[in-house]
Amino acid sequence: MNLINWDKKNPLSSLTHIQHEMSDLLDFLSSAHQTENYISAEFPQIIVSINDENIIVRAELPGVKTADLNIQVVDEVLTIKGERKPATETQKINYLRRERDYGTFARSIMLPERVDIEKVAASYKNGVLTVKLPKSAEAKPKQIEIKRV
């Protein structure tokens, strides 16, 4: 049996090295090139809010053209589909890091209440898609008058 010379002053230095290696691996995996036409993260990120009149869905879609979006409401489910195309570069560029996802995406959201499909409206400003879904008449709150007997 051979004895190993312990020349390290800090026995935890190996753990620190492992921590740095794991951090580098996670950075590499999170910045890895996406496979064609596939985005693994929840994309786009959305915010859903509600008031007495409307359900409002905001989707963060910077770099997506409105012509590349498709919005549908079917059976109380809102679906936003689209494609973010990579920017075409005129010069050869070697990227060190690209964190923006490219490719096709689809998000479907179960709406909490019935909506008036004929009055659904969408707008796009500063990279944010806003879909305004008016509640149907039966879904809106109604004030009930109490009759005196």
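This passage describes the fold, the two sheets, the nonpolar core and selected residues of a predicted model.

The protein comprises one helix and seven strands, and from the N terminus on its elements follow the order α-β-β-β-β-β-β-β. Of its 149 residues, 21% count as buried. Among contacts between residues at least 6 apart in sequence, 56% join residues that are at least 24 apart.

Four of the strands are arranged as an open sheet in the order β1-β2-β7-β6, and the pairing within this sheet is antiparallel. The edges are occupied by β1 (46-50) and β6 (121-125), each of which has a single partner strand, so that one side of each is left without a neighbour in the sheet. With direction ignored, neighbouring strands of this sheet are turned against each other by 15 degrees on average. Strands β2 and β7 are paired in the antiparallel sense over seven bridges, and within this pairing A59 has L129 of β7 as its bridge partner. Five bridges join β6 to β7, which likewise run antiparallel, and here Y124 stands opposite L129 in β7. L129 is thus the residue facing A59 and also the residue facing Y124.

The strands β6 and β7 form a hairpin with two residues between them. N126, which lies in the loop between these two strands, has a positive phi of about 55 degrees although it is not a glycine. With a relative accessibility of 73%, N126 counts as exposed, because the cut-off for that class is over 50%.

A further open sheet consists of three strands in the order β3-β4-β5, again with antiparallel pairing. Its edge strands are β3 and β5, each of which pairs on one side only. Neighbouring strands of this sheet are turned by 10 degrees against each other on average, direction being ignored. The antiparallel pairing of β3 with β4 extends over six bridges, and N70 has K81 in β4 as its bridge partner. In the loop between β3 and β4 is found D75, a residue that is not a glycine and nevertheless has a positive phi, of about 50 degrees. D75 counts as exposed, at 67% relative accessibility. In each of the two loops considered here, the one between β3 and β4 and the one between β6 and β7, a residue with positive phi is therefore found, namely D75 and N126, and both count as exposed because their relative accessibilities of 67% and 73% are over 50%.

The largest nonpolar core contains 17 residues, of which L61, L78 and L133 touch the most other members. At least two residues of this core are supplied by each of β2 (54-60), β3 (69-74), β4 (77-84), β5 (103-110) and β7 (128-134). Contributions to the core thus come from strands of the four-stranded sheet, including β2 and β7, and from the strands β3, β4 and β5 of the three-stranded sheet. In soluble globular proteins, nonpolar side chains tend to be buried together. When neighbours within four places in sequence are left aside, L61 is in contact with F43, P44, L69, R84, F105, Y124, G127 and L129.

A59, which has its place in strand β2, counts as buried, at 1% relative accessibility. Not counting residues up to four places away in sequence, A59 touches P44, Q45, I46, I80, G127, V128 and L129; the last of these is also its bridge partner in β7. A59 and V48 are 11 residues apart in sequence, and their C-alpha atoms are 8.8 Å apart in space. Among the residues that touch A59 are P44, G127 and L129, and these three are also in contact with L61.

Outside the strands, S136 is found in the segment after β7. At 7% relative accessibility, S136 counts as buried, because this value is under 20%. With residues up to four places away in sequence not counted, S136 touches R114, V115 and D116.

As regards aromatic side chains, the structure holds zero aromatic pairs. R98, however, lies over the face of Y95, at 4.5 Å from the ring centre.

Technical notes. Residues are numbered from 1 along each chain as its sequence is written. This is a predicted model: local features need pLDDT of at least 70, side-chain atom pairs count only at pLDDT 80 or more; totals for chains, interfaces and linings use all residues. Side-chain values use heavy atoms; hydrogens and water are left out. A nonpolar core is a set of buried Ala, Val, Leu, Ile, Met, Phe, Trp, Tyr and Cys residues joined through side-chain atoms within 4.5 Å. Buried means under 20% relative accessible area, exposed over 50%, partly exposed in between (1.4 Å probe, protein chains only). Contact means heavy atoms within 4.5 Å. Two strands pair if DSSP finds at least two bridges between them. Axes are lines fitted to C-alpha atoms, for helices over the stretch in contact, and angles run from 0 to 180 degrees between N-to-C directions. Rings of Phe, Tyr and Trp (its six-membered ring) pair if their centres lie within 6.5 Å; planes under 30 degrees apart count as stacked, over 60 as edge-to-face and the rest as tilted. A charge sits over a ring if NZ of Lys or CZ of Arg is within 6 Å of the ring centre and within 35 degrees of the ring normal.
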